[in-house]
Amino acid sequence: MKQSFLLLTAALLLLTGCQDTVNTVRNAETAARRQEVDYRYFSTDDFCRDRLQLIRIDRGTTPSGLLQVQATVHSARYGFWSELWSGLTGENPYHLAYKFDWFDEQGMRVETPASVWLNLILMPGETRFLQAVAPNERCRDFLLSVKEAE
């Protein structure tokens, strides 16, 4: 019985190998003054809901007065069991796609060639910043869409 347990443990460790995660350190006393956006998060699939945390969304303006947005996302799946499952299913690293759509002061979508899906590779435990700048001064609002990359 003990030998079977040891063999199973060794096999699991060989299958998963070393965890390929990202460790981070940040300044505890941040000097940046962010303008955080209140947001509503709507998830329609388990892939993003179980793997991706939306930490915050910040907004600002460029020197020329254009709206700029930064979404902070974090890969929520790390640890032995998550790594094992991700290794077996081929979901490590996570391949995502995202895009920003822009809206004018009346809430109408602004057509822009910049509203295209961009690919993102996210390692377990990694935090990334999705940034965009509005294409023109009419843009007052945005919509961020995220999906599993194909």
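Start with the whole chain in view and colour contacts by sequence separation: of the contacts in the protein chain with a separation of 6 or more, 64% are between residues 24 or more positions apart. Keep in mind that this is a predicted model.

Now switch to cartoon. You should count three helices and eight strands, and walking from the N terminus the order reads α-β-α-β-β-α-β-β-β-β-β. Put a surface on next: the protein chain exposes about 10500 Å², with carbon and sulfur atoms supplying 53% of that. Of its 150 residues, 35% count as buried.

Next, select residues 52-61 and 67-75. These are strands β2 and β3, antiparallel and joined by nine bridges. Zoom in on Gly60, and you'll find Gln68 of β3 standing opposite. Five residues sit between the two strands of this hairpin, and Gly65 takes a positive phi there, near 95 degrees.

Time to go inside. Show side chains for Ile57, Val69, Phe100, Trp102, Leu130 and Phe142: these have the most contacts within the largest nonpolar core, a set of 20 residues. Colour by strand and you'll see at least two core residues from each of β2, β3, β4 (94-104), β6 (118-122), β7 (127-133) and β8 (139-148). The largest share, five residues, belongs to β4. As background, nonpolar side chains in soluble globular proteins tend to be buried together.

Last stop: centre on Phe142. Which residues is Phe142 in contact with, leaving aside its neighbours within four places in sequence? Pick out Val37, Ile57 and Val69, then the run Phe100, Asp101, Trp102 and Phe103.

Technical notes. Residues are numbered from 1 along each chain as its sequence is written. This is a predicted model: local features need pLDDT of at least 70, side-chain atom pairs count only at pLDDT 80 or more; totals for chains, interfaces and linings use all residues. Side-chain values use heavy atoms; hydrogens and water are left out. Two strands pair if DSSP finds at least two bridges between them. Helices (H or I, at least four residues) and strands (E, at least two) are DSSP runs, numbered from the N terminus. Buried means under 20% relative accessible area, exposed over 50%, partly exposed in between (1.4 Å probe, protein chains only). Contact means heavy atoms within 4.5 Å. Accessible areas come from the Shrake-Rupley method with a 1.4 Å probe; for residues, only the protein chains shown count as cover. A nonpolar core is a set of buried Ala, Val, Leu, Ile, Met, Phe, Trp, Tyr and Cys residues joined through side-chain atoms within 4.5 Å.
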